[in-house]
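Here is a short set of questions and answers on the interior and the pockets of one protein chain, written for reading beside the model.

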Amino acid sequence: MSDAELYYEVRGSGPPLLLINGGDGDAAMFGPLAGLLAESHTVITYDLRGNSRSRLTGPPGPQRIEEHGHDAHLLLNAAAAGEPADVFGTSYGGMIGMDLLARHPRQVRALVAHEPFVIDLLPDADRWHALFQEVYELFEREGLDPALRKFSAAIGVDAPPEPDQSLPAPLREMLARIRANLETCLAYELRSFVRFRPDAEALRAARFALVIGGEGPKTLLHRTTGALAEQVGAPIAEFPGGHVGFLTQPADFAVALRGAFEG
């Protein structure tokens, strides 16, 4: 990658499995899940470009899902030894997986997309694009916290907690990185990422599964997942936990994910 240097981690042995994070883009969020899946797979996790330890080598600017899909392609070239990988992506990560699948289908054995944020498929997409522009302008005027409150309330998903000195150091450090990543998300990712439209034909032709979290009220992410399911004619499975069930309930999530790939 000429304009970014990706930080990634590899655990375990066996068939390759790539885990792709969403808007906060930190590999540590997959740590508990990756440790469980590494019992049977070579698990690859990474920080998205411009997030945490994956630094940009040029000036920051609006990012596109297609850039991240190319990153995933190059990462699999480096870490999967040419073997097709199972791919799990959550939120934006599901969209990155869809782009990877559409452009490099031989690299993806199966794709599981968890609550993909495909706003442009909704009938009221224009309203959401306008709201995300308001969130960005609020971020520019007043900073991260007011913008994050508006964004979280609108989509129905809680923001990550702030770092606290009482927390164990690894968790505190991860939360500090995520907080910085949220600024990257609001400034350079959110408004451009939600313009992504998946290649429905490629998804219909692939081993592709859609899943949602099973806790709490229906969220905007449930709506976007439903819109994509309707477009590609795919069922939706329910996984343990909410939008970050892979972090809060990793053991149950690992069982469900293994089942989705085997199915």
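Q: How many nonpolar, polar and charged residues are in the lining of the second largest pocket?
A: In this predicted model, the second largest pocket has a volume of about 180 Å³. It is lined by 14 residues, of which F208, A209, L210, A260 and G263 are the closest to its centre. Sorted by class, that lining has 12 nonpolar, one polar and one charged residues.

Q: Which element gives the largest share of the lining of the second largest pocket?
A: The second largest pocket has a volume of about 180 Å³, and the elements that give two or more residues to its lining are β7 (108–114), β8 (208–213), β9 (236–239) and α10 (250–262). The largest share, four residues, comes from β8.

Q: Which element gives the most to the lining of the largest pocket?
A: The largest pocket holds about 820 Å³ of space, and the elements that give two or more residues to its lining are α5 (144–155), α6, α8 (220–232) and α9 (245–248). With seven residues, the element that gives the most is α6.

Q: Which helix gives the largest share of the largest nonpolar core?
A: The largest nonpolar core has 81 residues, and L18, F117 and F132 have the most contacts inside it. Leaving aside residues up to four places away in sequence, L18 touches I44, Y46, A72, L75, L76, D86, V87, F88 and L100. The largest share of this core, nine residues, comes from residues 169–193, which form helix α6.

Definitions and conventions
Residues numbered from 1 in each chain as written. Predicted model: local features only at pLDDT ≥ 70, side-chain atom pairs only at ≥ 80, totals over all residues. Heavy atoms only, no water. Core = buried A, V, L, I, M, F, W, Y, C linked by side-chain atoms within 4.5 Å. Buried < 20%, exposed > 50% of the residue type's maximum accessible area, 1.4 Å probe, protein only. Contact = heavy atoms within 4.5 Å. 1 Å grid on protein atoms, 1.4 Å probe; cavity = no way out; pocket = protein on both sides within 12 Å on 5 of 7 lines; lining within 4 Å. Points joined across faces, edges and corners; volume = space filled by probe spheres on them. Nonpolar A, V, L, I, M, F, W, Y, C, P; charged D, E, K, R; others polar.
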